[in-house]
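Please consider the model displayed below. The paragraphs that follow lead from a single side chain outward to the sheets and helices around it.

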Amino acid sequence: MRQNAPMTAFHPACCAPFDYTWPLPHALDAVRLVSCRFDPARLDAADFQRCAVPTPASIQRSVAKRQAEYLAGRLCAREAMAPLIGARRVPPIGEDRAPVWPGRICGSISHGAGIAAAVVADRRQWRGLGLDIEELLPDERAARLAEEILVPAELERLAVLPAERRAEYVTLVFSLKESLFKALYPLVLKRFYFEAAEVLGHGHEGRVGLRLLTDLNDDWRNGDELQGQFRVAGDRLLSLVAIAA
């Protein structure tokens with residue numbers, strides 16, 4: 001790094017260069033997504049200070065993997081937001097452990113399988129965004145978790161799938177419900193769990209619908225439907241739920 005380079009220009013060795021490629025099947029207007037690979041083994045204790053990323057106490061006490069994924073996710077978020085707000089800001093952790101976005105921004109951060117990503121947009125165009133990255137579940141673990149993650153209609157769909165596709169389906173349902181929570185929680189400010197929504201089918205061309213199975217507030221009620229999308233790449237699944245303004 002040049003001696004006179006700003007602190008925020010530093011890019012740590014534990015994070016690969018940013019990737020600005022839209023990784024999902026269907027691009028969304030005015031939505032920015034930035035990702036990067038990260039390697040906890042290459043994390044340096046001083047990387048947070050060099051990158052000007054504040055370190056919450058919970059992160060300081062955590063293991064290298066958690067520190068590296070937090071750092072990578074916040075760097076992606078800062079990079080994604082910069083053109084929208086004209087500044088380089090890192091969203092801090094709120095009391096509910098969710099990122100606190102600048103007033104006009106909605107967004108989501110995710111990390112998994114060595115990749116971190118952040119998606120952001122202007123609230124005047126998108127009310128909520130939920131992004132999730134998952135490593136595909138092994139067959140045995142997917143079978144164990146199915147009853148916890150899937151509602152009865154989803155279990156019926158699972159039962160008729162070929163055995164080799166079931167773990168991917170359980171991973172898909174899990175990931176989409178994680179994305180749904182991230183997209184809706186800032187709007188309803190109420191925690192809800194897997195039984196609160198149903199994934200409608202396995203999706204066509206990467207698109208998939210979701211239906212609420214409970215009332216979350218006056219605006220989001222039992223029976224309301226939302227749209228998501230997903231992509232499977234190797235041993236990873238990426239999903240996104242976006243709510244237009």
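The side chains of E69 and R66 are joined by a polar contact of 3.5 Å, where a polar contact is a pair of N or O atoms within 3.5 Å; within protein, one must be able to donate a hydrogen and the other to accept it, and residues adjacent in sequence count only if both atoms are side-chain atoms. The model is predicted: local features need pLDDT of at least 70 and side-chain atom pairs count only at pLDDT 80 or more, whereas totals for chains, interfaces and linings use all residues. Residues are numbered from 1 along each chain as its sequence is written, and side-chain values use heavy atoms, with hydrogens and water left out.

E69 belongs to helix α3; helices (H or I, at least four residues) and strands (E, at least two) are DSSP runs, numbered from the N terminus. With a relative accessibility of 9%, E69 counts as buried, given that buried means under 20% relative accessible area, exposed over 50%, and partly exposed in between (1.4 Å probe, protein chains only). Not counting residues up to four places away in sequence, E69 touches F38, H111 and A116, contact being defined as heavy atoms within 4.5 Å. R37 lies 32 residues from E69 in sequence, and the two are 9.2 Å apart in space, C-alpha to C-alpha.

The surroundings of E69 lead to the helix as a whole. Helix α3 covers residues 64-85, and its 22 residues should span 32 Å at 1.5 Å a residue; the expected span is 1.5 Å times one less than the number of residues. The end C-alpha atoms of α3 are 31 Å apart, which agrees with that expectation. Of the 22 residues of α3, 16 are buried, and the helix is mostly covered. G86 follows α3 and has a positive phi, near 70°.

What does α3 pack on? The sheet in question is open, has 3 strands in the order β1-β3-β2, and is paired antiparallel; two strands pair if DSSP finds at least two bridges between them. Its edge strands, each pairing on one side only, are β1 (31-37) and β2. From one strand to the next, the twist averages 10°. Helix α3 packs on this sheet, touching β1, β2 and β3, and its direction makes about 30° with that of β3. Axes here are lines fitted to C-alpha atoms, for helices over the stretch in contact, and angles run from 0 to 180 degrees between N-to-C directions.

Within this sheet, β2 (residues 105-112) has 7 of its 8 residues buried, so the strand is largely enclosed by the rest of the structure. Strands β2 and β3 (residues 115-122) run antiparallel and are joined by 8 bridges. S110 stands opposite A117 in β3. The hairpin of β2 and β3 has 2 residues between the strands, and A113 takes a positive phi there, near 55°.

A second sheet can now be followed. This open sheet has 5 strands in the order β4-β8-β7-β6-β5, with antiparallel pairing. Its edge strands are β4 (126-135) and β5 (197-204), each of which pairs on one side only. Neighbouring strands are turned by 20° against each other on average, direction ignored. At one edge, 8 of the 10 residues of β4 are buried, so this strand is largely enclosed by the rest of the structure. Nine bridges would be counted along the β4 boundary with β8: 9 bridges join the two strands, which run antiparallel, and G128 stands opposite I243 in β8. At the other edge, β5 and β6 (residues 207-212) pair in the antiparallel sense over 5 bridges, and L212 in β6 is the bridge partner of A197.

Helix α6 (residues 163-188) lies across β4, β5, β6, β7 (225-233) and β8 (236-244), running at about 150° to β4. One residue of α6 is T171, which is buried, with a relative accessible area of 1%. Leaving aside neighbours within four places in sequence, T171 is in contact with E134, E135, L136, L137 and L237.

Helix α4 (residues 139-149) has A142, L145, A146 and I149 as its buried residues. Seen down the axis of α4, these fall within an arc of 135°, so they line one face of the helix; the arc is that of the directions from the helix axis to the C-beta atoms. The buried residues of α4 pack against α5 (152-160) and α6. On the other side of α4, E140, A143, R144, E147 and E148 are exposed.
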